[in-house]
Amino acid sequence: MKQILTLSFFLWGFPLLVSAQTKNQTDSQGRKQGVHDGYSGSWLFERTYVNDTLNGPFRQYTKDGTTWATGYFLNGLKDSVWLDFYPNKKIKEKAVYRKGKKEGAFVHYFENGDISYTATFKNDSLYGDAIGYYPSLSLESKGDPYNGEWIEYYENGNIKSKQSFTNRILSSERFYFSAKGDTLLPRNIAPQPVLEDTSIINQTTLKVYLLFNSFDSLNKPIDFGPHLFHPIPVCKNEQVVIHIGPINFLLTQNGFRVYEQFDPSCLQKIKTNGYTTNRDTRELPNGNYDVRYALETKLFKSRLGKIAVERKQMQCDDTGNNPLTITRDNKTLLFKDIGNVLFFEFDSDNDTQNELYVLNYFSCEKQLKIYKVDDK
């Protein structure tokens, strides 16, 4: 530990040492010697050479002088302690290298200084238990087999997700938890009758149930990734499943079974109707853009009544404004706060009568609500 601290101090002091030296020198044979500047995009580098080979301290920094990484090269390969930093100068990541490969302790920190992840490496592969979570580390290690749990933590120390693995093989089920410890996934969600919601105006006898709401703080930690920007497939295998990236919503008689599964199968696609943005953008000869909105109303027939989707001006860059109205017996049920919308009919309780499912999602905020409408 004493050796690591000494090297870390030396690397922090490296910029001061470099400023007093003459940089970018070559010898009579044209070989790089000493400290040389480098540039890549928004990053600046200081590298140390001996006879045209990287040997000595390294620093990565920004134009304003903020250090982002420090390290050391030995005969062209990473060696000793390498550190990455947050903008507040606290350590983000610490790794030990031997001949260009991770060897020994690896630690990733939260920005407040608490440890996020610790692991042990042998010959650049995970070796032994890994505690915490670091997303860029591959579980497909080529090193010795390892067993245990892959655990992600919140900054308050509570578990965010966990998944077991044996001999480098992950279990198919991953568990997610809220910062308070509530189970997020997998879990069953029962329909909740919508009684007081100012965004829904119901003058009919139809019943509206809320099946899922990512605006709810309990659900918010679920990350749909970029998939709310793409068409959402609804598949019928043995049962109907709505696939949103790795998150799946399995329709049951009692609501939803929500779980994570990558690359799910889709034996039969359910017919859906959906609308997102309605913007038509054309570039003008002077370099400006002409933005027009196709304001219109789309009509559909349903067992529950006539459906109208009124396409209005967009709410944000990738989310439309598509209020949905169901007219039944000359009375209306209005979902007035609809962003991007997808809806379909299906008989999930096997009573020969379809229910209507409505997905209301705001791609720009990665928020999702799922409703069921029924007359039973």
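**View 1. The model holds 1 disulfide (a pair of cysteine sulfur atoms within 2.5 Å).** This is a predicted model: local features need pLDDT of at least 70, side-chain atom pairs count only at pLDDT 80 or more, and totals for chains, interfaces and linings use all residues. Residues are numbered from 1 along each chain as its sequence is written, and side-chain values use heavy atoms, with hydrogens and water left out. A disulfide is a covalent bond between the sulfur atoms of two cysteines. Here the partners are C235 and C266, with sulfur atoms 2.0 Å apart. The torsion about their S-S bond is about -100°, so the disulfide is left-handed. The pair links distant parts of the chain, 31 residues apart. C235 lies in strand 22, while C266 sits in the loop between strand 25 and strand 26 (273-275). Strands (E, at least two residues) and helices (H or I, at least four) are DSSP runs, numbered from the N terminus. Is each cysteine buried or exposed? C235 is buried, at 1% relative accessible area. C266 is partly exposed, at 33%. Buried means under 20% relative accessible area, exposed over 50%, and partly exposed in between (1.4 Å probe, protein chains only).

**View 2. Five strands make an open antiparallel sheet.** The strand order is 18-25-24-23-22. Strand 18 (187-189) and strand 22 (234-236) stand at the edges. Each has a single partner strand, so one side of each is left without a neighbour in the sheet. From one strand to the next, the twist averages 25°. That angle is taken between N-to-C directions of lines fitted to C-alpha atoms, on a scale from 0 to 180 degrees. Strands 24 (residues 247-252) and 25 (residues 255-260) pair in the antiparallel sense over 6 bridges. Two strands pair if DSSP finds at least two bridges between them. L251 has F256 of strand 25 as its bridge partner.

**View 3. Another open sheet has 6 strands with antiparallel pairing.** Its order is 19-21-36-35-34-26. Which strands stand at the edges? They are strand 19 (192-193) and strand 26. Strand 26 and strand 34 run antiparallel and are joined by 3 bridges. Y275 has V341 of strand 34 as its bridge partner.

**View 4. The largest nonpolar core has 28 residues.** A nonpolar core is a set of buried Ala, Val, Leu, Ile, Met, Phe, Trp, Tyr and Cys residues joined through side-chain atoms within 4.5 Å. Which residues touch the most other members? They are F224, I242, F249, F256, F344, L359 and L368. Elements giving two or more residues to this core include strand 23 (240-244), strand 34 (340-346) and strand 35 (355-362). Not counting residues up to four places away in sequence, L359 touches several residues, among them I232, I242, F344 and L368. Contact means heavy atoms within 4.5 Å. A second, separate core of 19 residues includes V208, V309, I326 and I338.

**View 5. D374 is a buried residue in strand 36 (residues 367-374).** Its relative accessibility is 4%. A polar contact of 2.9 Å joins the side chains of D374 and K376. Such a contact is a pair of N or O atoms within 3.5 Å; within protein, one must be able to donate a hydrogen and the other to accept it, and residues adjacent in sequence count only if both atoms are side-chain atoms. Not counting residues up to four places away in sequence, D374 touches L206, K207, R303, L304 and E355.
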